[in-house]
Amino acid sequence: AVITALMPERHKQASSSPHMRFHGATLSSFSSIAMDPHPIVAFSLRIPSRMATSLKEAHLHWPSHMVVNILASTQADLAVKFSRPDVHASPFEDVNYTLSEEGLPVLDGSIGALSCQLVTPPWPLHNLDALRRGEHPGKMVWEGDGVASELFIARVTRVEVTPRDPSRTPLLYHRRAYATTIDITAPAATSK
């Protein structure tokens, strides 16, 4: 999946106010948490990252809308493009998209797209003791070695309309490679 959101961008002049631009990031972990009483999804983002920072600032300063674009198996190039900001600094320049009601990119060709809003600040996954105690640890800075992540929990506010094509299959990432689903034949029932 690719998450799209707004990212504040500061002008070079110190006195100017921030303006917004699109930002996108590939999610390697994305899950449905619940359907009732509210549709809830979760994903994690590596920290530090521009997307994690954008979503945390959005949660504090304005409605934190984002779109989770569920990619089709033919869109591995988009997954790579949005996962490598060092190589693709402006991925929206040559990507087709429409805009959601909030003005966020819904990527063309996606199997589906979910407009979402954060329900809580992210949980730093490097402080599991706070999770066990049921306490939100608040703002924490990762000072360890290696990679750290934060868990984001969001409510689905709307399912975006995307063209239906029953022949499209979802893009999966498994064993460090892109894959998709295939139909399997159910085993025949055996009688004793």
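Is Tyr97 buried, partly exposed or exposed? In this predicted model, Tyr97 turns out to be partly exposed, with a relative accessible area of 28%.

Aromatic contacts are a good place to begin. Searching the whole structure turns up 6 aromatic pairs. In one of them, Phe22 meets Tyr97 edge-to-face, with 5.7 Å from centre to centre and 85 degrees between the planes. Phe22 sits in strand S2 (residues 19-26) and Tyr97 in strand S6, so this pair ties together parts that are 75 residues apart in sequence. Like its partner, Phe22 counts as partly exposed, at 24% relative accessibility. Phe43 and Phe152 make another pair, and here the ring centres are 5.4 Å apart with the planes at 5 degrees, so the rings are stacked. Since Phe43 belongs to strand S4 and Phe152 to strand S10 (residues 148-160), the parts tied together are 109 residues apart in sequence. Both of these Phe residues, Phe43 and Phe152, are buried. Ring pairs also link Phe22 and Tyr97 with Phe82 and Phe92 into a cluster.

Strand S4 (residues 40-47), home to Phe43, pairs with strand S3 (residues 30-34) in the antiparallel sense over 4 bridges. A hairpin of 5 residues joins S3 to S4, and Ala34 stands opposite Ile40.

Just past strand S6 (97-99), Ser100 is found in the loop that leads to strand S7 (105-107). Ser100 is buried, at 6% relative accessible area, and its contacts beyond four places in sequence are Val67, Val106, Ser115, Arg158 and Glu160.

On the surface, Val80, Tyr173 and Tyr178 make a nonpolar patch of about 280 Å². Tyr173, in strand S11 (residues 172-174), is partly exposed at 48% relative accessibility.

Notes
Residues are numbered from 1 along each chain as its sequence is written. This is a predicted model: local features need pLDDT of at least 70, side-chain atom pairs count only at pLDDT 80 or more; totals for chains, interfaces and linings use all residues. Side-chain values use heavy atoms; hydrogens and water are left out. Helices (H or I, at least four residues) and strands (E, at least two) are DSSP runs, numbered from the N terminus. Buried means under 20% relative accessible area, exposed over 50%, partly exposed in between (1.4 Å probe, protein chains only). Contact means heavy atoms within 4.5 Å. Patches are made of residues with over 30% relative accessible area and no salt bridge: like charges are joined within 9 Å, nonpolar side chains (Val, Leu, Ile, Met, Phe, Trp, Tyr) within 5 Å. Accessible areas come from the Shrake-Rupley method with a 1.4 Å probe; for residues, only the protein chains shown count as cover. A salt bridge is a side-chain nitrogen of Lys or Arg within 4 Å of a carboxyl oxygen of Asp or Glu. Two strands pair if DSSP finds at least two bridges between them. Rings of Phe, Tyr and Trp (its six-membered ring) pair if their centres lie within 6.5 Å; planes under 30 degrees apart count as stacked, over 60 as edge-to-face and the rest as tilted.
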